[in-house]
Every structure is written in C-alpha cells, then in structure tokens.
Protein chains: 2
Amino acid sequence: MTDDDRVFKALADPTRRFLLDLLFAREGRTLTELESEVEMTRFGVAKHLKLLEEAGLVVVRRSGREKLHFLNPVPIRLIHDRWIDKYTERHITALVDLKNALGDET
Amino acid sequence: MTDDDRVFKALADPTRRFLLDLLFAREGRTLTELESEVEMTRFGVAKHLKLLEEAGLVVVRRSGREKLHFLNPVPIRLIHDRWIDKYTERHITALVDLKNALGDET
DNA sequence: TTGACATGTGACCTTTTGGTCACCTAACTT
DNA sequence: AAGTTAGGTGACCAAAAGGTCACATGTCAA
C-alpha cells in the first residue's frame, strides 16, 4: 500500500476524521481523554488512532503511563498538493465542458 | 451516511482514484473503454463507477447502448473547502507547535 | 432477423474493517 | 505493598467491501 493510499483510507472513516478534529481543536490529548468524546470503547478508539498514526496523520509522545497524541497535517498537505489540487484547479472550465457534453437540457 | 463521507469513502480506493485520473485525462469514456485500462473484469469496474456516481464524482450520459462517463470535480472541491483547507492552512505554525511539544531531540 | 456488442442484476465468495472483550503490563498513589 | 489508573495484545465476531460469474436486456450492424 502506498503512503497516499494509507492517508486516503485513514480519512475515509468519520470517527477518524472526528478524532483529527478533536486534535485540531487541542493537541496533546491522551487516549482516555479522546475515548470520552466518542461513543465507543477505548479499544475501538485505540485502533483508529493506530491507523491514523500509521498514516502519519497523528504523532505520539509517551509521558509516563500516558500517551499524548498530536496532529500532523503534513500528509494531508501532500495529498492535497499531489492529487486534490489537480481537480480543484479547473473550476469553471470543467463545469462548462460537462454542461456542453450533457447537452443543454436545463 | 453524509455526502462528505460518501466522497471520502469513494476516494479511499486506489482503483477508483485511477478511474478518476483516466477521466481527468479524457472524459466521455465508456465502461468498456475504462475496463480495458484496468486489471479487473467489467463487473468490478462497473461497481466502482457506481460508487463514484453515488458520490457525485462521476456523471453519466447514456448514448444508445453506451454509457459515457464524465468527471465532476465539485465534490472534491467541497471537501477541500470544508475540510482539507482547515488542515493545510496552518503550515508552519503547526509544525513548530509539534516540534515544541515533542521537545527538541533532533 | 440474426448475431455481435454494451451494459445491468443478483447470487455468491473472500478479505478487510470496525468494534468488543478478557487478560496483561507498566506506572502512579497512598 | 496494594490498589488504581493508562494503555497494549490477541482472539473473536458481524458487517461491509472488493471482486467474479451466469444470466438477462437492449441496441446496433449485416
């Protein structure tokens, strides 16, 4: 699996995107803290965090018995630059092409 | 499932991203034509195209016995604006925050 | 009008994913 | 030292995803 693929797959789950949102709002949270914000057991959350970590979207620091989670936006940046940008640049022209291709039935 | 979720899930599969790339290069292709570019039977490709269509990423026009596929970049634009942008804006500051949080062990 | 071509459908199968749980270790607290 | 708290592991399960196939429909071409 490529790096990009790992990132896209990590972003495909709404719970994981929500976890990223939580870390966006405040970084350095522990597993237990994140667990309390989600309707799911600790184990489920831990699995999601692991996938996010493997995708490079979350970085972790151990502090005693706690595990602190930090957001890393770089992979999102990368898929943005390498992939998404390409599709969002053609705004107008693409829509016009499409409309022409489909004919003008409003 | 939300619209955003459908789009993220649609983008999560490499074959589907490849199909979008094909349509990006040239729109208006038929199923058979797309099939020939992928190591997969017609049925698999048709399933992927259906998901892309349900996510609004692909629009279709029937022409006789053929089905022509067109790219619609709008949903990508939307998740870009509503979600990805938020994470890619904080470039520098986020990295600095992270580095500070992690300590300075280079 | 017969045959070839383009696509659709539903059954089916295997692998992956999302989630839980019992049990374990390590680290604080008192 | 004993109890409590934070987290990790592996087994397990149900549901969803990815893919194939047999068969069926509609359309074009000779």
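Begin by selecting A:Arg16 together with DNA strand C in this predicted model, where a polar atom of the A:Arg16 side chain is placed 3.1 Å from a phosphate oxygen of the strand. Then add A:His48, whose side chain brings an N or O atom to 2.3 Å from a phosphate oxygen of DNA strand C, and cross to chain B for B:Lys67, where the corresponding distance between a side-chain N or O atom and a phosphate oxygen of the strand is 2.9 Å.

With those contacts on screen, colour the elements that give two or more residues to the surface near DNA strand C: in chain A this is helix H4 (42-54), and in chain B these are helix H3 (31-35), helix H4 (42-54) and strand S2 (66-71). The largest share, five residues, comes from H4(A). Now widen the selection to everything that surrounds DNA strand C, which gives 21 residues, the closest being A:Thr41, A:Lys47, A:His48, B:Thr32 and B:Lys67. Coloured by class, this surface shows 10 charged, six polar and five nonpolar residues. On the DNA side, 58% of the strand C atoms within 4 Å of the protein belong to sugar or phosphate, and the rest belong to bases.

Leave the DNA and turn to the salt bridges, of which there are 20 over all chains. Select A:Arg29 and A:Glu37, whose side chains meet in one of them with an N to O distance of 3.2 Å. A:Arg29 is buried, at a relative accessible area of 6%, whereas A:Glu37 is partly exposed, at 39% relative accessibility.

Next, go to helix H1 (residues 3-11) of chain B, where B:Arg6 and B:Asp3 stand three residues apart, a separation of about one helical turn, and where their side chains form a salt bridge of 3.4 Å, N to O. In this pair B:Arg6 is partly exposed, with 29% relative accessibility, and B:Asp3 is exposed, with 55%.

Keep helix H1 of chain B in view and select B:Asp4 with B:Arg82, a salt bridge in which the closest N and O atoms are 2.4 Å apart. This pair links distant parts of the chain, since B:Arg82 belongs to helix H5 (residues 74-88) of chain B and B:Asp4 to helix H1, 78 residues away. B:Asp4 counts as buried because its relative accessible area of 18% falls under the 20% limit. To see salt bridges that share partners, select A:Asp5, A:Lys9 and B:Arg17, which are joined into one network.

The last part of the tour concerns aromatic rings, with six aromatic pairs over all chains. Select A:Phe24 and B:Tyr87, an edge-to-face pair with 5.1 Å between centres and 70° between planes; the pair crosses between chains, from helix H2 (residues 14-25) of chain A to helix H5 of chain B. A:Phe24 is partly exposed at 24% relative accessibility, while B:Tyr87 is buried at 1%.

Add B:Trp83, which makes a tilted pair with B:Tyr87, at 4.7 Å centre to centre and 40° between the planes. Both residues lie in helix H5 of chain B, four residues apart or about one turn of the helix, and both are buried. Then return to A:Phe24 and look over its ring face for B:Lys86, at 4.7 Å from the ring centre.

Finally, select A:Phe8, A:Trp83, A:Tyr87 and B:Phe24, which form one aromatic cluster. Over the ring of B:Phe24 sits the charged end of A:Lys86, 4.7 Å from the centre of that ring.

Terms used. Residues numbered from 1 in each chain as written. Chains lettered and ligands numbered in written order. Predicted model: local features only at pLDDT ≥ 70, side-chain atom pairs only at ≥ 80, totals over all residues. Heavy atoms only, no water. Near = heavy atom within 4 Å. Polar contact = N/O pair within 3.5 Å; in protein donor to acceptor, adjacent residues only side chain to side chain. Nonpolar A, V, L, I, M, F, W, Y, C, P; charged D, E, K, R; others polar. Salt bridge = Lys/Arg side-chain N within 4 Å of Asp/Glu carboxyl O. Buried < 20%, exposed > 50% of the residue type's maximum accessible area, 1.4 Å probe, protein only. Phe/Tyr/Trp six-rings, centres within 6.5 Å; stacked < 30°, edge-to-face > 60°. Lys NZ or Arg CZ within 6 Å of the ring centre and 35° of its normal.
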